[in-house]
Amino acid sequence: MAAANTILEIPHEENVYLLCKKLITSGIADERGSDLFVVFISNEKKQIPLWHQKASHRADGLVLWDYHVICVQKKRDDDSPHPVVWDIDSTLQLPSSLGLYVADAIRPSFQLFSEYQRYFRIVHAPLFLRSFASDRRHMRDSSGNWTAEPPQYDPIVAQDGTIHNLNEYIEILGTDVSQIEPSLINAVFTLKLGVVVDQVLLLEKVESEELHYIILNTCPSLQAAALHVTFD
């Protein structure tokens, strides 16, 4: 959530939660948000690079986040055949096409040390909106003081009364990564915490009603290559 030397007042996950609600109420998304997917990006080391980020002080917009959250929309009509990405923290167009966002913000062809490999937890938005909760404890220091002024609205509470489960979404390990196979599609739509992949995966509904997935490979083998990247 926090970049180096940068503290944001509204956490990414709450921004995306509110964004999903807004897209639904404004009619940009369908009334259940079933065309929306919330994607948490992180890894074991809590250091994942993304480019074109507003918090950056670099010309290329590079930020090393501990975790990041975006919303991906895949409308099920002929007017919007291509998925788009909503990233409020990005300097790219809002929304951006998935292809553009992957190429410019994620940069899968950029060779990184393995500790910077990014994993993607994909959660169907209707499940996320019902299940997510945060009491913002991660915004306090060890003494209980706020590290930044918290949002003025009430903390998000899940429908079942849970007051905090953010850690369940952002703790993403390499051992959590699922194999890309047809059964993974059903898991995205049914599991509270979605699925974890090391590729950018989306779901698309075609005219025949058959669900299939679009995979934009993030080339984990390249990410393990020993080409150093300077993040300062």
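A polar contact is taken here as a pair of N or O atoms within 3.5 Å, of which, within protein, one must be able to donate a hydrogen and the other to accept it. In this predicted model, such a contact joins the side chain of N43 to the backbone nitrogen of K46, at 2.8 Å. A polar atom of the N43 side chain also lies 3.1 Å from the backbone oxygen of Q47.

N43 is situated in the loop that runs between β1 and β2 (48-50). Its relative accessibility is 1%, and N43 therefore counts as buried. When neighbours within four places in sequence are set aside, the residues in contact with N43 are I48, E115, Y116, Q117, Y119 and I172.

The largest nonpolar core comprises 26 residues, and the most contacts inside this core are made by C20, L36, V38, F40, C71 and F128. Two or more residues are contributed by each of the helices α1 (12-25), α3 (125-131) and α4 (166-170) and by each of the strands β1 (36-42), β4 (68-73) and β7 (119-124). Of these elements, α1 provides the most, with six residues.

The surroundings of C71 illustrate the packing of this core. With residues up to four places away in sequence not counted, C71 touches V16, L19, C20 and L23, together with L36, F37, V84, V85 and W86. A second core, separate from the one described above, contains 24 residues, among them W65, I106, F120 and I122.

Definitions and conventions
Residues are numbered from 1 along each chain as its sequence is written. This is a predicted model: local features need pLDDT of at least 70, side-chain atom pairs count only at pLDDT 80 or more; totals for chains, interfaces and linings use all residues. Side-chain values use heavy atoms; hydrogens and water are left out. A nonpolar core is a set of buried Ala, Val, Leu, Ile, Met, Phe, Trp, Tyr and Cys residues joined through side-chain atoms within 4.5 Å. Buried means under 20% relative accessible area, exposed over 50%, partly exposed in between (1.4 Å probe, protein chains only). Helices (H or I, at least four residues) and strands (E, at least two) are DSSP runs, numbered from the N terminus. Contact means heavy atoms within 4.5 Å.
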